[in-house]
Amino acid sequence: MARAIWTGVITFGLVSVPVGLFTATEDHTVHFHQLQRGTSDRIRNRRVNQRTGEEVDSADIVKGFEVGDGEYVVVEPGELDEIAPGRSRTLEITDFVDLDRIEPVYFGRTYYLAPRGEEYVRVYELLRTALAETGKAGVATFVMRNRQYLTALRAADRVLLLQTLHWADEVRDPVEELPELPSGRVGRGKELDMALRLVDALSGSWDPSRYHDTYQEKVRELVRAKAEGEEIAVAEEAPRATDVVDLMDVLRGSLEQARGAGGKRSSAERQKRGAEPRKRKKATAPSGGARPDRAELRELSKAELYQRATERDIAGRSTMSRAQLVDALAGTGGRGKKKSAA
């Protein structure tokens, strides 16, 4: 059973619910020890005094902020605890915002939130359902391990997710920071049409189990091969950059590969998704119970897709990506149960 790494109370308005915070992911990276070359002797890191070279006990270490050349303001660990905001362990939701309006660059780590007791489940589920039905995220701050976090609470199936957010001054402006960026959007032409067809041919539903950390798999294989005295396979070199002159030929070849037996999608999967859209046109609401056209659905914004999914009572819509909403709406057509406006 997982253990909470933080406990506190979620508040929104005058409503409160005690919760525990749990890690949602785990690291599968292969970890190595440091050894001295030619030996099995472990290398240890020690905290030493830079001037004397003597090891210093952790109890004698304080924090220092440099204000000049060799001049520091010394801060005791306890002083940081005393000024920490939210010492009451409250996670107060101050705003509700559209989830799809938060730029991905702001998201940090993801955690699970769970009620701390059966008596709090109903209030917890009330908040989760409200977020799911509205497509909103609750913005809140809290303090954990001497650090204040900006967070977004969002709904998933049966659980509330807490995602840490970067503060505004932590996100760099790409226009100011990056050396080469397009000066404008690419115009409509054969290259863009071919690229859109290639994206459609390689499109499918999100299934995280399809993807694997192949580098870590190769690291484990390297360790096994060396332990058994086998020859080590060398990785292939990275492909060369595509020349603008050859761009149409490369796009055409990529599309043929995607459609053929060597593509990433089987013909059955591509047939299930439907034919390629020949002309992009303005999406209109389906009349009566008619099945909505996939090409028309792709023209809608995520908010509009979510609204249709809500009207058709599609399960799990709050956690779906834009592509998944298109798939769900195209698959259900008019069969969904329409909800009342109340």
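**Salt bridges, nonpolar cores and local backbone geometry**

Glu-221, with a relative accessibility of 41%, counts as partly exposed. In the predicted model described here, the side chain of Glu-221 meets that of Arg-224 in a salt bridge, with an N to O distance of 2.5 Å. Arg-224 is likewise assigned to the partly exposed class, its relative accessible area being 30%. Both residues belong to helix H5, which comprises residues 214–227, and their separation of three residues corresponds to about one turn of the helix. The pair is part of a network of salt bridges in which Glu-221, Arg-224 and Glu-228 are linked.

Over the whole structure, the search returns six salt bridges. In general terms, side chains of opposite charge can pair when their charged atoms come close. One of these pairs joins Asp-98 to Lys-136, with the closest N and O atoms 2.9 Å apart. This salt bridge connects distant parts of the chain, since Asp-98 is located in strand S5 and Lys-136 in strand S7, 38 residues apart. Asp-98 has a relative accessible area of 33% and is therefore partly exposed, and Lys-136, at 28% relative accessibility, is also partly exposed. A further salt bridge is formed between Glu-55 and Arg-46, for which the closest N and O atoms are 3.4 Å apart. Here the relative accessibility of Glu-55 is 52%, so that this residue counts as exposed. Arg-46 is exposed as well, at 54%; the threshold for this class is a relative accessible area over 50%.

The nonpolar interior was examined next. The largest nonpolar core contains 25 residues, and the most contacts inside it are made by Ile-10, Leu-21, Leu-113, Phe-142, Leu-153 and Leu-162. At least two residues of this core are supplied by each of the following elements: strands S1 (6–12), S2 (15–23), S5 (90–98), S6 (107–115), S7 (136–143), S8 (148–156) and S9 (159–165), together with helix H2 (121–134). A second core, of twelve residues, lies apart from the largest one and includes Leu-297, Leu-300, Val-326 and Leu-329. The surroundings of Leu-113 illustrate the packing in the largest core. When neighbours within four places in sequence are set aside, Leu-113 contacts Ile-10, Val-19, Gly-20, Leu-21, Tyr-124, Leu-153, Val-159, Leu-160 and Leu-162.

Loops that adjoin the strands were also considered. Pro-104 is situated in the loop between S5 and S6 and, with a relative accessibility of 62%, counts as exposed. The C-alpha atom of Pro-104 is separated by 9.4 Å from that of Leu-165, although the two residues are 61 positions apart along the chain. The loop between S8 and S9 holds Arg-158, which is exposed at 76% relative accessibility.

The backbone of Arg-158 calls for separate comment. Most residues other than glycine have a negative phi. Arg-158, which is not a glycine, has a positive phi near 70 degrees. Asp-313 is a further non-glycine residue with a positive phi, of about 55 degrees. The position of Asp-313 is in the loop between helix H9 (302–311) and helix H10 (322–332), and the positive phi occurs just after H9. With a relative accessible area of 30%, Asp-313 is partly exposed. Within H9 itself, the buried residues are Leu-305, Tyr-306, Arg-308, Ala-309 and Thr-310.

Helix H6 (residues 247–259) was analysed for its length and for the distribution of its side chains. For its 13 residues, a rise of 1.5 Å a residue gives an expected span of 18 Å, and the end C-alpha atoms are 18 Å apart, in agreement with that expectation. Leu-251, Leu-255 and Ala-258 are buried in this helix. Viewed down the axis of H6, the buried residues fall within an arc of 65 degrees, and they therefore line one face of the helix. The exposed residues Asp-249, Glu-256 and Gln-257 are carried on the face of H6 that is turned away from the buried side.

Key:
Residues are numbered from 1 along each chain as its sequence is written. This is a predicted model: local features need pLDDT of at least 70, side-chain atom pairs count only at pLDDT 80 or more; totals for chains, interfaces and linings use all residues. Side-chain values use heavy atoms; hydrogens and water are left out. A nonpolar core is a set of buried Ala, Val, Leu, Ile, Met, Phe, Trp, Tyr and Cys residues joined through side-chain atoms within 4.5 Å. Buried means under 20% relative accessible area, exposed over 50%, partly exposed in between (1.4 Å probe, protein chains only). Helices (H or I, at least four residues) and strands (E, at least two) are DSSP runs, numbered from the N terminus. Contact means heavy atoms within 4.5 Å. The expected span of a helix is 1.5 Å times one less than its number of residues. The arc is that of the directions from the helix axis to the C-beta atoms. A salt bridge is a side-chain nitrogen of Lys or Arg within 4 Å of a carboxyl oxygen of Asp or Glu.
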